[in-house]
Each structure stands twice: as C-alpha cells, then as structure tokens.
There are 2 protein chains.
Amino acid sequence: MNIGKASKNCGLPSKTIRYYEEIGLVQPLRGANGYRDYSETDVHQLKFLQRARRLGFSIEECRDLLSLYQDTGRASADVKALTEAKLSEVDKKIAELQALKTTLSRLAEACQGNERPDCPIIDDLAGGPR
Amino acid sequence: MNIGKASKNCGLPSKTIRYYEEIGLVQPLRGANGYRDYSETDVHQLKFLQRARRLGFSIEECRDLLSLYQDTGRASADVKALTEAKLSEVDKKIAELQALKTTLSRLAEACQGNERPDCPIIDDLAGGPR
DNA sequence: GCTTGACCTTCCCGTGACTGGAAGCTTTAC
DNA sequence: GTAAAGCTTCCAGTCACGGGAAGGTCAAGC
C-alpha cells in the first residue's frame, strides 16, 4: 500500500514514516513508479513504533524494542529491563516537576496580582530575599 | 568585565551568554579589542535569566519576564498571570507523566522477566489484547 | 623580546525527532 | 482533457544551546 494509506493505518504522519525509513527503522519495498509500498508487516511495525513513542521511549530505545520484537527468541527480561529503566526516568521527571510546581505555587500565592508594581515573583528572580 | 568572569558570576556557560546576546536578550558593550564588556546590570539580568530558565520558563517567556523586570511600573498581575500559566502547564505535564507511569508499571508487573520469550510488554506494543 | 598558555573572537556543524514547504513527478476522478 | 490529489526528493527550520576549528589578544615568566 502507498504511504498515505499506511499513514492512516498506523496513525503516524507520512513525514514521520519517511523519517523512520531514513533512519533505518522500517524500510518498505518500492513500486515501479518509485512509490513506497508498505506490507502488512511494515504497518504492524509502524504501529508498534507509534505506541512505543507515545509511551515515551526514545527512537534509539524503539530501535532496541523493535529488534526484540522481531527476535522471537528474546528473553522477556531484556524488555522488562528497558521498561523499568524508562519507569525510573519518568519517576525522576515527575519529582522534578513537583518541585518546580511547589516553587511556582509559592511565588504565585505571594503575589498580589494587582496594578501595583510590587511583585515577589520578580523579586525572587532578581535574587531578592528568599 | 569579560565574558569569563560574567559567566562565573551568573552561573551560565559562556556559550549560553553569547547565545543570549545573539537573540537580543542581554547585549553588552564592547571594548577596543572587541571583547564583550559586561556591566553589573548585565550580570544581574543574566542571573535573572538563569533563575527563570531553571524554573522552566521558555526563552520567549524569559524575554517577557525580563521586560517586566526592567519596567519598574509594571503591574504585578502581569507577572502573576505568566507564572500561573506556567503552573498549569506543569500540572498538565505531571498528569501526563502519571498516566504514562501507570501504563508502564502495569506492563512491567505483568512481565515475568525471565528467559522465556513470552512478554506482555511486547504484546501490548504489538497491539495485542488489552 | 619571546614564548607559553589562558582567554577571547567568529563561524559552522550537530543535537532529537520531526515539520513545513518548494519543485516536479504519477495517478485518479470527473 | 484537465484538475486535484498524492507521491517523490531535497532544503530549511525548530529549541536552546554545545563542540570544535581557526585565529586574535593578553598577562606572566624567562
């Protein structure tokens, strides 16, 4: 099938699919007219990539997952390890954002938000008293 | 003072300081030898930028904050609005990451992590039964 | 005066993961 | 027959810098 149909079937924009081919993730056959010709297997792999990316795996991690996916003899431990590493990254990011949220909330609460120029947020940014 | 000293004083790498000049954030004078010459005011503004960036404000938001900082007649409400917008962005990102965490945890728990090839994580990515 | 090394300058390329757009094919629909 | 849709490649841009090359400047030591 052409790239347009493949795009509809896997949920990725054509541009992204071409990009994935360029970096060697999913390489379709070509028709006599030079058009890309995607098999069902190709589309499965594109769907796979779409889900993995949505779960926050990087392209390089996706490449690993895809080769594990294709390797029917893989150990499930390998996949689990990748997932758990990603999980701890997510935890770390959440913690950072929570800290950021605390700081911003404190600043916003301290600020009157009126027409006057006094602003604890600006003062804090300027390095004023904590 | 030269860029190296300014860098030490504000906590930003020289590369970043040059970049901020390039995009019109903080533009120092130049000495006869062509070296950048940072005033105390410049360094204050660089420090301000460093803190705001650390709090997750984008460069364009920093530009706004900086002009509010420089405008001693600003209304604190303007600053508060910017902060609260950023706060709700942070909230949204946290919620997304929490959802992601739930999915990843569920997958990791379902996976035995042994030498056998059965892997619910791969199955899920491949579009298997939910 | 000379050398050494630290510091400064500009310029260009690379990052990650695409996205937009231009110029030019092919195919499809009416 | 023609117009529109869809496909191709290629180039440039995104964001916020970082790395590194090639070359100018400055301060210290001999």
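**Figure 1. Contact of a chain B backbone atom with DNA strand C.** In this predicted model, a polar backbone atom of B:G4 is placed 2.7 Å from a phosphate oxygen of DNA strand C. B:G4 is also listed among the closest residues to this strand, together with A:K15, A:T16, A:Y20 and B:R36.

**Figure 2. Side chains of chain A at the phosphates of DNA strand C.** The side chain of A:Y20 has an N or O atom 2.7 Å from a phosphate oxygen of the strand. For A:R53, a polar side-chain atom is found 2.9 Å from a phosphate oxygen of DNA strand C.

**Figure 3. The protein surface near DNA strand C.** The strand is surrounded by 19 residues, comprising seven nonpolar, six polar and six charged residues. Three helices each contribute at least two residues to this surface: α2 (14-22) of chain A, and α1 (3-10) and α2 (14-22) of chain B. The largest contribution, four residues, comes from α2(A). Sugar or phosphate accounts for 68% of the atoms of DNA strand C within 4 Å of the protein, and bases account for the rest.

**Figure 4. Packing of helices α4 and α5 in chain A.** Helix α4 (residues 59-70) and helix α5 (residues 76-110) of chain A pack at an angle of about 155°, and their axes are 10 Å apart. The two helices, α4(A) and α5(A), are therefore roughly antiparallel to each other, and their crossing is left-handed. From α4(A), residues A:E61, A:D64, A:L65 and A:L68 meet A:D78, A:V79, A:L82, A:K86 and A:E89 of α5(A). The residues of this contact comprise four nonpolar and five charged, with no polar ones.

Definitions and conventions:
Residues are numbered from 1 along each chain as its sequence is written. Chains are lettered from A and ligands numbered from 1 in the order in which they are written. This is a predicted model: local features need pLDDT of at least 70, side-chain atom pairs count only at pLDDT 80 or more; totals for chains, interfaces and linings use all residues. Side-chain values use heavy atoms; hydrogens and water are left out. A residue is near a molecule or strand if one of its heavy atoms lies within 4 Å of it. A polar contact is a pair of N or O atoms within 3.5 Å; within protein, one must be able to donate a hydrogen and the other to accept it, and residues adjacent in sequence count only if both atoms are side-chain atoms. Ala, Val, Leu, Ile, Met, Phe, Trp, Tyr, Cys and Pro count as nonpolar, Asp, Glu, Lys and Arg as charged, and the others, Gly among them, as polar. Axes are lines fitted to C-alpha atoms, for helices over the stretch in contact, and angles run from 0 to 180 degrees between N-to-C directions. Angles under 35 degrees count as roughly parallel, over 145 as roughly antiparallel, 65 to 115 as roughly perpendicular and the rest as oblique. A crossing is left-handed if the near helix is turned anticlockwise from the far one by less than a right angle, and right-handed if clockwise. Contact means heavy atoms within 4.5 Å.
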